[in-house]
Amino acid sequence: MTTTAAIDAVGLVKSFGQLRAVDGIDLEVRQGEIYGVLGPNGAGKTTMLKMLATLLPIDAGQARVFGVDVATEPHRIRQLVGVTGQYASVDEDLTATENLWLFGKLQGLRSADARAAARRLLGQFGLEDAANKPISQFSGGMRRRLDLAASLITRPPLIFLDEPTTGLDPRTRGQMWDTIRGLVAEGSTVLLTTQYLDEADQLAGRIAVIDRGRKVAEGTPDELKSSVGNATLQLQLAPDTDQELARQIVRRVADAEPVLTPESGRMNVPLDTADRAADILIGFRQAGVSIISVSVAKPTLDEVFLTITGHGADENEGPADDNEPDPAADNEPSARAGAALEVQ
Amino acid sequence: MSTMTAVPLPAVDPAVAVARTRPRNTLAETISQTLSMAWRALKKMRRNPEQFFDVTLQPLLFTAMFAYIFGGAISGNVTSYLPLLIPGIVAQTVLTTCMASGVQLREDMDKGVFDRFKVLPIARIAPLAGPVVADVVRYLIAATLTFATGVIIGYRPGGGVPGVLAAIALSIFIGWSMAWIFTWIGAIARNARSVQGISMLILFPLTFLSNAFVPVSTLPSALATFVKINPVSLLVSATRDLANNGAVTSQVGWTLLAGLVVIAIFAPLSVRAYRRHI
């Protein structure tokens, strides 16, 4: 018998006026995996997540969480998911303990159990020392950890993380990654959205790339990377090089389309096999094209993104920035997604 | 880490979690959630004592001010004006306190924590009803202080202690029911300032075009008609009957009914507006 998918969504659509912020996305997330949803600002990641978490009505399509229908049984869904948004959604006027106790009580725990859960989570997230401090004295990283802790009081089997590390410093980011891995080790399933390609690469077992409300690619990080070639030749051309000549040599010798940054003279060439690098270098030598540095690397997800969508990961940033810890920004998805459309 | 982590928790099992889910909240759960929300509102009140300025200063200031300014003109002297005035001030103060509920709800709804309330499996009315329940404390302070100020400057309620207590209880109930109007405004308005604006527009005519401060007999007939059907007049008359005469009159009954009607209309409207505000 196969186990029920943690998320099984077919043809999800969400429109804001004229704009289809989510435009027919299918999603299948298996139990116990970390599934990454990767895309630039305004791609529709947050909108999709809000639909799955019952925060936005689903315009068309169907979604099931552990077999429970999201549209018809939202109350059941809310008992199965924990949601942590891009901004801290805890009460500023209460202490960390009071916050967790309140969320526990609201979800039907008895007072003593809610207190025990609060203590356990504060310990687990390294917040014991701040247990009775008002949230206003918390650092950004502490808030984010408390926010995640608040989603975990009833140990939900599915956890939505909307850009969990946006705005965190590298050290706190690493801690957050460990915490997320820990959740899965305990048996939960995690769906996380991110615009950091390395984050999806580090954490996610499978990744969906979302662009302009559509899923444009899906697979393991390695599958996605190999879809743009197994290796990338990175070249730094000498300042007075004829870049157009270099480009033609690459096309002819390696049958590949180089990605050129004219200003810096940098050139990246996707390769099927690393052997091709030698052919290109020999071609350059014969034509008198001189280079300053050369290296062969596995492709990054940035290049994946560029190849799949035809534009870079940060090219279509909207005016309403996803990073902004302002809930109001989320009420204007049209502004954000509208900016994404202009890039076409 | 903490000693709690010594006992490892069992693994999360989705099948068990799904089997444990229930299709909706029971009434007992809804009440428990509302009380938890009321607890939150009370904590916030205690940590932001400036929230008590309106319910403490307004009764003191308005009672003394109105008594000494209008007392002579309306009733010949201050003491004989007080039985007319005090119930009026009680009604006015309770209504302004309701307005503050709407403004605060709007401010609260704009904060991140309301996003979490929306995703929790709690009754949609709980985040709205919680603050309204907690505000009973504010109505109690406002009504009690108004009567106390009145007594200090010479008011001797004919209904005695039971009459005054009944009048306070009735004001709290009305404050509690009227708060749903402002909760609704809070849920539909764009921001806290517009809640304030809309509320003032409703509140000022209602309190001043009532029998709160002047006898109806002194008014021109068209105005008198409006004043008589104004629900604030009902509350003021009922409060006067209870506090001044200790009498449970038909006015008291009508006032209670009006309160229930307001709740029946505006509580569902508020929940509907809150659901949409996502």
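The C-alpha centres of domain 1 and domain 2 of chain A lie 42 Å apart, and these domains cover residues 7–225 and residues 229–298 respectively. The model is a predicted one, and the description below moves from the two chains as wholes to one strand of chain A, then to the nonpolar cores and the contact between the chains.

## The two chains

The secondary structure of chain A comes to 13 helices and 14 strands, whereas chain B has 12 helices and 0 strands, so that the elements of chain B, read from its N terminus, are α-α-α-α-α-α-α-α-α-α-α-α. Along its principal axes, the C-alpha trace of chain B spans about 80 × 40 × 35 Å. The table sets out like values for each chain.

| Chain | Residues | Buried | Share of contacts (separation of 6 or more) that join residues at least 24 apart |
|---|---|---|---|
| Chain A | 344 residues | 48% | 69% |
| Chain B | 278 residues | 43% | 79% |

## Strand β8 of chain A

Strand β8 of chain A is made up of residues 189–194, and because 6 of its 6 residues are buried, the strand is largely enclosed by the rest of the structure. The cut-off behind this reasoning is that a residue is buried if 20 or more other C-beta atoms lie within 10 Å of its own. Both faces of β8(A) are covered, with A:T189, A:L191 and A:T193 buried on one side, and with A:V190, A:L192 and A:T194 buried on the other.

Which strands pair with β8(A) in the parallel sense? One is strand β3 of chain A, residues 34–38, which pairs with β8(A) over 5 bridges, and in this pairing A:I34 stands opposite A:V190. Another is strand β7 of chain A, residues 158–162, which runs parallel to β8(A) and is joined to it by 5 bridges; here A:L158 stands opposite A:T189. The connection between β7(A) and β8(A) involves helix α6 of chain A, residues 170–185, and the three elements together make a right-handed β-α-β unit.

## Nonpolar cores

The largest nonpolar core has 144 residues, and those with the most contacts inside it are A:L52, A:V65 and A:L100. Leaving aside neighbours within four places in sequence, A:L52 is in contact with A:I7, A:A9, A:A63, A:V65, A:V70 and A:F160, and of these contact partners A:V65 is itself among the residues with the most contacts inside the core. A second core, separate from the largest one, has 15 residues and includes A:L237, A:V269, A:A277 and A:I280.

## The contact between chain A and chain B

How many residues does each chain bring to the contact? Chain A contributes 43 residues and chain B contributes 30 residues. On the side of chain B that touches chain A, helices α1 (14–20), α2 (27–47) and α5 (113–119) each supply at least two residues, and α2(B) gives the most, with 7 residues. By character, the residues on this side of chain B divide into 14 nonpolar, 6 polar and 10 charged. The size of an interface is often given as the accessible area lost when the parts come together, but the description here rests on residue counts, namely 30 residues from chain B and 43 residues from chain A.

How values were computed
Residues numbered from 1 in each chain as written. Chains lettered and ligands numbered in written order. Predicted model: local features only at pLDDT ≥ 70, side-chain atom pairs only at ≥ 80, totals over all residues. Buried ≥ 20, exposed ≤ 12 C-beta atoms within 10 Å, placed from the backbone. Helix = DSSP H or I, 4+ residues; strand = E, 2+ residues; numbered from the N terminus. Pairing = 2+ DSSP bridges. Right-handed = clockwise from strand over helix to strand, strands pointing away. Contact = placed C-beta atoms within 7 Å. Core = buried A, V, L, I, M, F, W, Y, C linked by C-beta atoms within 7 Å. Nonpolar A, V, L, I, M, F, W, Y, C, P; charged D, E, K, R; others polar. Domains from an automatic or database assignment.
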